[in-house]
Amino acid sequence: MLHASHHTMKPLFFSLILLLMSHKCLGDHVLTYLAVAVSILLLVGMVTHTQNGLSDGFGYGVLVTGCDSGFGHHLAKKLDGMGFTVFAGCLCPEGPGAQRLVDEGSERMKILQLDVTKEEHVKLARDFVKSNLPEKGLYAVVNNAGVSDWGEIEWSTAQDFQRMVDVNLVGPIRVTIAFLSMVRATKGRMLFVSSIFSFFNCLNMGAYSVSKRGLEAFADCLRVEMASFGVKVSIIQPGNFGAATNILSKKTSQDIWNEFDGARKLTFSQKYIEKACDYFQSTCVLGFKDSTMVIDAMLHAITSAIPRTRYLLVSSMDWCFFYFFPYLPTYVTDAVFNLSSMYHKREVMLYS
């Protein structure tokens, strides 16, 4: 089950608004107010639970990309345990991650070599899935494969942005187009693993944010188009799960410094690069240590009769901040970064 603070927060939030409005209209008529309150809460529960989702996956197939490690690896295991035929796309099908899936999974676990940046890999995967579909067809595609990197825009090259977009944006588009007709036939699900950085435009995450914001634009357009066919599209927005996955960049401050030309070395001091690297790594360590919240959200999006369009997956303390952040004026969201001690240190250390 999803953690209550994330799965029920939005319905309860809007219910409370309606309760306050009704109280203002009804004044001190307590009994009437209580009746309205109970009715609204029951209505929320009915809307959420009127239909039953999938209780098991026997007879259905699910394609998951990026199963070598991290979210995809754990999701593939869970789906296999629920009876789904899992087509686990792995970058290295002979690697330790793929082998663990084979060793620990059932005969329904199918390993595919799938580099989402390669058209020929996607075509071969599509042909394999078509030839090995279980009786009820392909019910879901989980676009999970992705890469991450960090660094200020001026530290980067166009090739850095191209690599990020190729994997995180064009890759899912390529996979979606190839498998969409099969999912449409089952009126199934399309999932896209995005990030809070799709809307939280913080320092050092420019290339990653570009790729994830583009991915959400694609998913939003797809959701509108697929509604007519009964296909539901969900976006997964994990927060700080770096410690729970294998997605973090392993580069050091020296690696960054060595790539600088003379002009950039004059602008960005080596001490600042070291400070930025330490700050990034220490922030990642503070994140979630396991991926349970993300896997539960993915399972809900696949099996629930009424999946959510977006799953914001952050701590309970951070939920309100990240939920309302996209709706704030730009001058407010930009001003948020002035509260960061790292932002002030950056201003002092530039050109030093």
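**Helices, strands and salt bridges, one why at a time**

Q: What makes the length of helix H11 close to what is expected?
A: In this predicted model, H11 covers residues 270–285, which gives it 16 residues, and it reaches 23 Å from first C-alpha to last. The expected figure is 22 Å at 1.5 Å a residue, so the two values are close.

Q: Which residues of H11 are called buried?
A: To get that label, a residue needs under 20% relative accessible area. In H11 the residues that pass are Tyr272, Ile273, Ala276, Cys277, Phe280 and Cys284.

Q: Why can we say the buried residues of H11 line one face of the helix?
A: Look down the axis of H11: its buried residues fall within an arc of 135°, so one face is what they line. There's a general idea behind this: an α-helix has 3.6 residues a turn, so residues three or four places apart point the same way.

Q: What is on the other side of H11?
A: Lys271 and Val285 are there, and both count as exposed, a label that takes over 50% relative accessible area.

Q: What do the buried residues of H11 pack against?
A: Two helices: H9 (253–258) and H15 (341–349).

Q: What makes Arg346 and Glu152 a salt bridge?
A: The cut-off is 4 Å between a side-chain nitrogen of Lys or Arg and a carboxyl oxygen of Asp or Glu. For Arg346 and Glu152, the closest N and O atoms are 2.8 Å apart, so the pair qualifies. This pair links distant parts of the chain, 194 residues apart: Arg346 belongs to helix H15, while Glu152 is in the loop between strand E4 (138–143) and helix H7 (158–186).

Q: Why does Arg346 count as buried or exposed?
A: Its relative accessibility is 17%, so Arg346 counts as buried. Its partner Glu152 has 5% and counts as buried too.

Q: How do you know that Glu216 and Arg310 meet in a salt bridge?
A: Check the N to O distance: it is 3.0 Å, and the cut-off is 4 Å. Glu216 sits in helix H8 (residues 206–226) and Arg310 in strand E7 (residues 310–313), so this salt bridge ties together parts 94 residues apart in sequence.

Q: Which labels do the relative accessible areas of Glu216 and Arg310 earn?
A: Glu216 has 8%, so it is buried. Arg310 has 24%, so it is partly exposed.

Q: What makes Arg264 and Asp261 a salt bridge?
A: Their closest N and O atoms are 3.5 Å apart, and the cut-off is 4 Å. Arg264 is buried, because its relative accessible area is 16%. Asp261, at 41%, is partly exposed because that value lies between the 20% and 50% limits.

Q: Where is the place of Asp261?
A: You'll find Asp261 in the loop between H9 and helix H10 (262–267). Asp261 and Trp155 are 106 residues apart in sequence, but their C-alpha atoms are 9.8 Å apart in space.

Q: How many salt bridges does the structure hold?
A: There are 11. Some share partners, and in that way Glu216, Asp220, Arg223 and Arg310 are joined into one network.

Q: Why is strand E2 described as largely enclosed?
A: Count its residues: six of the six in E2 (residues 85–90) are buried, so the rest of the structure largely encloses it. Thr85, Phe87 and Gly89 point one way, Val86, Ala88 and Cys90 point the other, and all are buried.

Q: What makes E1 and E2 a pair?
A: Pairing takes at least two bridges, and four join strand E1 (residues 61–64) to E2, with the strands running parallel. Leu63 has Phe87 in E2 as its bridge partner. Between the two strands the chain crosses through helix H4 (residues 70–81), in a β-α-β crossover that is right-handed.

Q: How do you know that E2 also pairs with strand E3?
A: E2 and E3 (residues 109–113) share five bridges in the parallel sense. Here Phe87 stands opposite Lys110 in E3. From E2 to E3 the chain goes through helix H5 (residues 96–104), and this β-α-β crossover is right-handed.

Q: How many helices and strands are there in the protein chain?
A: The chain has 15 helices and seven strands. Of its 352 residues, 47% count as buried.

Key:
Residues numbered from 1 in each chain as written. Predicted model: local features only at pLDDT ≥ 70, side-chain atom pairs only at ≥ 80, totals over all residues. Heavy atoms only, no water. Buried < 20%, exposed > 50% of the residue type's maximum accessible area, 1.4 Å probe, protein only. Arc of directions from axis to C-beta. Contact = heavy atoms within 4.5 Å. Right-handed = clockwise from strand over helix to strand, strands pointing away.
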